[in-house]
Amino acid sequence: MPIQQFAIVVADASAAPVQVERDAPSLAEAVPPAVRDLEAEGHRPVRVDAGDWVTLADIGVRVRRSRENVRLWAVGRYGPGGFPPPLNPGCDTTFYSWAEVSVWLRERMGFELPDDEPVLTAMNLALQLRRLAPRVTRMDLVRSLLDP
């Protein structure tokens with residue numbers, strides 16, 4: 001069985017991300033037990049570091065284009081338009097979801113990139129939802145959004 005390597009960010013701001021190695025057929029199968037193990041040790045996992053949050057420069061490196069070229073795609077001045085929106089609009093450093101950008105690059109720009117299942121992005125959203133759930137009064141309405 002292959003060894004899956006990843007990092008889990010925990011809520012303690014002073015703690016470095018926890019580096020994890022697990023025997024598992026896939027990364028998706030390795031993450032949930034690692035999260036549960038960290039919780040059993042008293043940690044509060046907040047995010048799996050899967051490399052999904054990327055800057056324009058990161059995107060450029062991944063597709064061998066300049067940051068400026070990618071910026072022009074993002075603002076709609078070059079390319080077919082419809083570039084995915086930033087995850088944190090209005091901040092000094094803007095981040096995008098690689099899971100979203102890679103689909104755009106494949107479908108709109110014709111790049112040959114692997115079609116990775118966005119399961120780790122979904123797991124990060126699930127961890128965020130777990131943290132927010134105690135403060136949400138109508139969690140049933142939030143859960144209803146998961147049913148297509």
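In this predicted model, the mean positions of the 17 positive and 20 negative charges of the protein lie 7 Å apart. Some of these side chains are paired: the count of salt bridges comes to 4. The protein has 148 residues, of which 30% are buried, and its secondary structure consists of 6 helices and 5 strands.

**Overall architecture**

- Read from the N terminus, the elements follow the order β-β-α-β-β-α-α-β-α-α-α.
- Along the principal axes, the C-alpha atoms of the protein fill a box of roughly 50 × 40 × 35 Å.
- The accessible surface of the protein amounts to about 9700 Å², and carbon and sulfur atoms account for 52% of this surface.
- Of the contacts between residues at least 6 apart in sequence, 47% connect residues that are at least 24 apart.

**Salt bridges**

- Arg22 and Asp37 form a salt bridge in which the closest N and O atoms are 2.4 Å apart. This pair links distant parts of the chain, with Arg22 in strand β2 and Asp37 in helix α1, 15 residues apart.
- Both partners of this bridge count as partly exposed: Arg22 has a relative accessibility of 23%, and Asp37 has one of 35%.
- A salt bridge also joins Arg130 to Glu39, with 2.3 Å between the closest N and O atoms. Here too the pair links distant parts of the chain, since Arg130 belongs to helix α5 (residues 119–132) and Glu39 to helix α1, 91 residues apart.
- Arg130 is partly exposed, at a relative accessible area of 45%, and Glu39 is likewise partly exposed, at 30%.
- Helix α1 thus contributes Asp37 to the bridge with Arg22 of strand β2 and Glu39 to the bridge with Arg130 of helix α5.
- The side chains of Asp140 and Arg138 meet in a further salt bridge, at an N to O distance of 2.8 Å. Asp140 is partly exposed, with a relative accessible area of 42%, and Arg138 is partly exposed at 46%.

**Helix α2 and its surroundings**

- Helix α2 spans residues 56–63, and Leu56, Ile59, Gly60 and Val63 within this helix are buried. These four residues lie on the same side of α2 because they cover an arc of only 100° around the axis.
- The buried residues of α2 pack against two strands and two helices, namely β4 (53–54), β5 (96–97), α3 (67–74) and α4 (98–109).

**The turn-off after α2: Arg64**

- Arg64 comes just after α2 and lies in the loop between α2 and α3.
- The phi angle of Arg64 is positive, at about 60°, although the residue is not a glycine. In general, most residues other than glycine have a negative phi.
- Arg64 is exposed, with a relative accessible area of 76%. By contrast, Val63 in helix α2 is buried.

**Ser97 in strand β5**

- Ser97 is located in strand β5, one of the elements against which the buried residues of α2 pack.
- With a relative accessible area of 2%, Ser97 falls under the 20% cut-off and is therefore buried.
- Apart from its neighbours within four places in sequence, Ser97 is in contact with Asp52 and Leu87.

**Pro25 in the loop between β2 and α1**

- Pro25 occupies the loop that connects β2 (18–23) with α1 (27–40). These two elements also hold the bridge partners Arg22 and Asp37, in β2 and α1 respectively.
- The relative accessibility of Pro25 is 53%, so this residue passes the 50% cut-off and counts as exposed.
- Pro25 and Ile3 are 22 residues apart along the chain, and their C-alpha atoms are separated by 8.0 Å.

Conventions. Residues numbered from 1 in each chain as written. Predicted model: local features only at pLDDT ≥ 70, side-chain atom pairs only at ≥ 80, totals over all residues. Heavy atoms only, no water. Buried < 20%, exposed > 50% of the residue type's maximum accessible area, 1.4 Å probe, protein only. Contact = heavy atoms within 4.5 Å. Areas by Shrake-Rupley, 256 points an atom, 1.4 Å probe, with all protein chains shown as cover. Lys, Arg positive; Asp, Glu negative; His and termini not counted. Charge placed at Lys NZ, Arg CZ, Asp CG, Glu CD. Arc of directions from axis to C-beta.
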